[in-house]
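User: I'm new to reading structures like this one. Could you walk me through it?

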Amino acid sequence: MSGVGGLKHRAFRPRLWVLYDQALVSGANFFTMVYLGRLLTPEAFGFFTLAYMSVFFLSTLQTALLTQPLNLIGAIEKESVNLGHLVSLQRLHVFVWLPLNAVVLAGISFRFFPQPGLFVAAAVYLCAFQLQELLRRYWYTCNRVTEAFGNDAISYGAQVTGLILLGQQGLLDGPWAFYVLASTSLVAVAVGWRRLRYQTRGFTPLREVVTEHWSLGRWLLLGTLSSYTAIQLYPYMLAGLGAGLVATFAASRNILNGLNVVIQAANNYLPIKAKQVLQREGLEGLRRFLARMGSTMFAGAAIFCAAVTFWAGDLLRLIYGDNFAGSDNILRILAVGALGSVLFPVLYAGILALGRAPVVFVSNTAATIFVVTVGWWLIRHYGLVGAAVTASSSVILILLVQAWSLKSAAVKFTPGPAPARQGSG
């Protein structure tokens, strides 16, 4: 295949569709945070950031216990079986998972963003977003990334449009921003389920789903919790010093979140692919695959982080105006950790493929201990600079522990037959 036909074939490979989809999602979320950072006061943006991060935290628990196990279980299953699995997970969300999440969010709100209107709006968005993300991960599991892309185009395209319209009318604040995000997610969920309604589906009992997910997800849950405390705890630690400092820290991080296009795309794609490569090509094939992906991602991230470091002050003024002028050193320090973070998905995929999920927990726990001891001291004495140094240092610590553990796991790895699961077609 050559010429235009060959170019078209390469441009629309499944791996690139994953990148297109994540570019859409991350781009819309990047715009959202930047746009709100420009329009809201620093204090209002700080409270919105705390609420948004709390929604993100609860969604990472969803990933650990529900969507990531769905990816791993469904990677070798028929699509009809996976659809039955999805239906059971949807029921679990509506009747158990989402109400429980709302209660936890209320507790976080009471401590860190005690504004009832903001809490209610964030809770509505939490429910809508998690239903959308569940459907999105199902399409990834079935290797139907174009379906995920089409659905995300509806949601995130409408999200950007809605925020701009409210901003132009002078109506945009934290709660209204969450309502825009929630409404667009619900539209995407409705459209997505409409596409699935005529497909053949198997039946997977809810009890079986819960048992399977817990057996895979319990270590992922511990890893997720420890990862959050090791990497995302800083805005909460800064909250006692004022919402304005939270906003400044978040503003710098938002710029570096441009790397999320690559990181989240890799998180969606690599665990499934690494498992398949290990089954098909063995340990040596997995090593080559991870080395190739890691070197490519790191090289691209290095160029991005070098540019951010060189033009830090100009970027802050260009994106936020004068709201966060003078915080360019914070951005430069955080760029070091952002560069290291692009290797997380590669190590994570290898760890999962080799069945060594506890490694994630161990590495994140080591970083958490560092954060709540040395990091807490740095933040108390040096404020934003201390938070930035702690953030980048914890990333490097996690990388070192995971790389060493992955190497040890590869040495001890013994191939075995893939577990089979019964399901009706």
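Analyst: Sure! Helices here are DSSP runs of H or I with at least four residues, strands are E runs of at least two, and both are numbered from the N terminus. Keep in mind that this is a predicted model.

User: How many helices and strands are there in the protein?

Analyst: The count is 15 helices and zero strands. The radius of gyration is 21 Å, close to the 22 Å from the globule rule for 425 residues, so the protein is as compact as a globular protein of that length. Its C-alpha atoms fill a box of roughly 55 × 50 × 45 Å along the principal axes.

User: What share of the 425 residues is buried?

Analyst: Buried means under 20% relative accessible area, and 53% of the residues qualify.

User: How do I read two helices packed together?

Analyst: You describe the pair by the angle between their axes and the distance between the axes. Take helix 3 (residues 42-74) and helix 8 (residues 206-231): their axes come within 8 Å and cross at roughly 145°. That crossing is right-handed. Sorted by class, the contact has 16 nonpolar, six polar and one charged residues.

User: And a single helix? Why is helix 10 described as largely enclosed?

Analyst: In general, an α-helix has 3.6 residues a turn, so residues three or four places apart point the same way. As for helix 10, twelve of its 14 residues are buried, so the rest of the structure largely encloses it. Among those buried are F249, R253 and L256. Helix 10 (residues 243-256) reaches 20 Å from first C-alpha to last, close to the 20 Å expected at 1.5 Å a residue.

Methods:
Residues are numbered from 1 along each chain as its sequence is written. This is a predicted model: local features need pLDDT of at least 70, side-chain atom pairs count only at pLDDT 80 or more; totals for chains, interfaces and linings use all residues. Side-chain values use heavy atoms; hydrogens and water are left out. Axes are lines fitted to C-alpha atoms, for helices over the stretch in contact, and angles run from 0 to 180 degrees between N-to-C directions. A crossing is left-handed if the near helix is turned anticlockwise from the far one by less than a right angle, and right-handed if clockwise. Ala, Val, Leu, Ile, Met, Phe, Trp, Tyr, Cys and Pro count as nonpolar, Asp, Glu, Lys and Arg as charged, and the others, Gly among them, as polar. The expected span of a helix is 1.5 Å times one less than its number of residues. Buried means under 20% relative accessible area, exposed over 50%, partly exposed in between (1.4 Å probe, protein chains only). The radius of gyration is taken over C-alpha atoms; the globule rule is 2.2 Å times the number of residues to the power 0.38.
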